[in-house]
Amino acid sequence: MAKLLVLSAQDVSQVFTVTDALAAVEDAYVQKARGTATAWPMTYAAFDPGVSDMDIRSGDLAGSGLFGLKLTAWFSQNPERGLPDIFGTTLLADDRTGEPMVLLNASAITGLRTGAASALGIRALARSGISVLGVVGMGHQCPYQVACALAAVPTFDRVLLWDPRSAEPRADRAREVAATAHGLLGQAGADRPFTVEAVADGSAAVAAADAVVTVTPATEPVVLDAWVGPGTHLSAVGADMEGKQELEDALVARARVFVDDRTQSVSSGELEVPVRDGAVAPDAIVAELGEVLAGQVAGRTADDEVTVFDTSGIAVQDLAASKVAYDRAVEAGLGTWVEL
Ligand SMILES: NC(=O)c1ccc[n+]([C@@H]2O[C@H](COP(=O)([O-])OP(=O)(O)OC[C@H]3O[C@@H](n4cnc5c(N)ncnc54)[C@H](O)[C@@H]3O)[C@@H](O)[C@H]2O)c1
C-alpha cells in the first residue's frame, strides 16, 4: 500500500523560502545540463479558448531519485464562482519504485520557482555590481520576481516597476509588492533596505535598469529594442504559451540568448515568435542556462553585450522545489498522510 503525503499551500509556505527556491532551481538546471534531469514535452489543452485551459508539465530528476508532474488549470470565470482562477497541483513519485510520494498545492511554489529562474538568469548573465532592477508587469508574479532577484544579487538596491496596462504609476501596488518582497526575504533571513518605485514611462525605466524582468501575458512586444542600452540583461518570464511575446524581435536578434529549455522556448516561449518571423534562427540560442551554471558554456562575454534569458517554465524546477518542500514538511511533521 502506498502512503502519500498531502501538503496544502499553507504547509508549503511555512517551510519553503526564497533562498530554497534559488538553490532548488539551480540544482534542477544543473542536473538538466549534466543529463540527470529531463523536461518532457508539455501537454496543453484549451477547454474554451481564452476562457479556460490546462497544461501538464512533467519530467524526471534522476539525481534526486524522482519523477513527477505539475497540472496547471486556468478557469478565468472562477472568481465569479468564489474560486481562484488558477489551480496548480504537483505530484512527485519515487523513480526506483514508481510509488507516489507527495501531492502538493503548487501555488506557494510557482511564484518562488518562477522568480528564482529569472533571478538565476540575472545572477549568471548580468554585469557584476549592478544596482537597478526593472520589472515590467505588476501582477501576481511581480513580488516573487523582486524578492528572488534581491536575494540572488546583493548589489540591487533600487527597483522600478512598470505596468504597461496603466497610464499612471501604480504607487499603491508598488507598496504591496515591496511589503510582500520584504516578507519573503525576511522569512529566509535575507531582508535588507531597498527602494521600490512605480513608474509610468516604460522606456525610461528600461533604459535606467541594469537588469529587466518582463512578466506580462503580452502578445505584442512590451520592451522595444530602442529602449535597451548596452550591457543590459533581460529575463523574459511572461511568454509561456504559443502566441505570447514580450521582447521586440530586433532586441532578441541582437542579444546573446539563453533559455531554460531549447525546444520549449522555440515552441511556446519567448523565442517562438522571433523564430517564426525569421528574425532569429533556433541555433542562435547560445545555451540553456544550466550549461552556464554548470560551467560548460560562457555566459556574458563583454560588459556592453545585451543578454536575454528566456524562462518559459519547466517541470524540473517544480520537481526540485517540491522535493525540498516535501523534505522540510516531513521534518516539521506538516501535512496529511493518506493510504492510497
Ligand atoms: N515562465 C514561467 O515559468 C511562468 C510562471 C508563471 C506565470 N508565467 C506567466 O507570467 C505572466 C504574468 O503572470 P501574472 O500571474 O503575474 O499575471 P497577472 O495577470 O497577475 O499580471 C499581469 C501584468 O501584466 C499586465 N498586462 C496584462 N495584459 C497585458 C498585455 N497584453 N500587455 C502588457 N501588459 C499586460 C497587467 O496589467 C499586470 O501588470 C503570464 O503570462 C503567465 O502565464 C510564466
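**Group meeting: helix 4 and the sheet beside it**

In helix 4, the buried residues are C142, P143, Y144, Q145, V146, A147, C148, A149, L150, A151 and A152. Helix 4 runs from residue 142 to 152, and that makes eleven of its eleven residues buried. Before I go on, please keep in mind that this is a predicted model.

What covers the buried residues of helix 4? The cover includes three helices, namely helix 2 (18–34), helix 3 (107–125) and helix 5. It also includes strand 8 (132–136), strand 9 and strand 11 (211–214).

Now the overall picture. The protein has eleven helices and 16 strands. Its C-alpha trace spans about 60 × 45 × 40 Å along the principal axes. For 340 residues, a compact globule would have a radius of gyration near 20 Å, and the value here is 19 Å, so the two agree. Of those 340 residues, 50% count as buried. If we take the contacts with a separation of 6 or more, 75% of them come from residues 24 or more positions apart.

Next, the sheet. Eight strands make up an open sheet with parallel pairing, and their order is 10-9-8-11-12-15-13-14. Which strands stand at the edges? They are strand 10 (195–199) and strand 14 (285–288); each has a single partner strand, so one side of each has no neighbour in the sheet. On average, neighbouring strands of the sheet are turned by 20 degrees against each other, ignoring direction.

For one pair in detail, take strand 12, residues 233–236, and strand 15, residues 307–310. They pair in the parallel sense over four bridges. Within that pairing, L234 stands opposite V308 of strand 15.

Helix 5, which we met as part of the cover on helix 4, consists of residues 171–187. Helix 5 lies across strand 9 (158–162) and strand 10, and runs at about 150 degrees to strand 10.

Two single residues are worth a stop. The first one is F156, in the loop between helix 4 and strand 9. Is F156 buried or exposed? F156 has 22 C-beta neighbours inside 10 Å, and therefore counts as buried. Leaving out residues up to four places away in sequence, F156 touches I130, S131, L133, A149, L150 and F194. Two of these names, A149 and L150, were on the list of buried residues in helix 4. As for T72, it is 84 residues from F156 in sequence, and the C-alpha atoms of the two are 32 Å apart.

The other residue is V199, which lies in strand 10, an edge strand of the sheet. V199 has 18 other C-beta atoms within 10 Å; because a residue needs 20 or more to be buried, V199 is partly exposed. With the same exclusion of residues up to four places away, V199 touches L160, L161, W162, P169, A204 and A205. Between the C-alpha atoms of V199 and L71 there are 35 Å, and along the chain the two residues are 128 apart.

Last, the ligand. There are 22 residues around the ligand, and those that come nearest are G139, R165, T216, P217 and G313. How does the shell around the ligand divide into nonpolar, polar and charged residues, and how many are in each group? Seven are nonpolar, eleven are polar and four are charged.

Methods:
Residues are numbered from 1 along each chain as its sequence is written. This is a predicted model: local features need pLDDT of at least 70, side-chain atom pairs count only at pLDDT 80 or more; totals for chains, interfaces and linings use all residues. Two strands pair if DSSP finds at least two bridges between them. Helices (H or I, at least four residues) and strands (E, at least two) are DSSP runs, numbered from the N terminus. Axes are lines fitted to C-alpha atoms, for helices over the stretch in contact, and angles run from 0 to 180 degrees between N-to-C directions. Two residues are in contact if their C-beta atoms, placed from the backbone, lie within 7 Å. A residue is near a molecule or strand if its C-beta atom, placed from the backbone, lies within 6 Å of it. Ala, Val, Leu, Ile, Met, Phe, Trp, Tyr, Cys and Pro count as nonpolar, Asp, Glu, Lys and Arg as charged, and the others, Gly among them, as polar. A residue is buried if 20 or more other C-beta atoms lie within 10 Å of its own, exposed if 12 or fewer, and partly exposed in between; C-beta atoms are placed from the backbone. The radius of gyration is taken over C-alpha atoms; the globule rule is 2.2 Å times the number of residues to the power 0.38.
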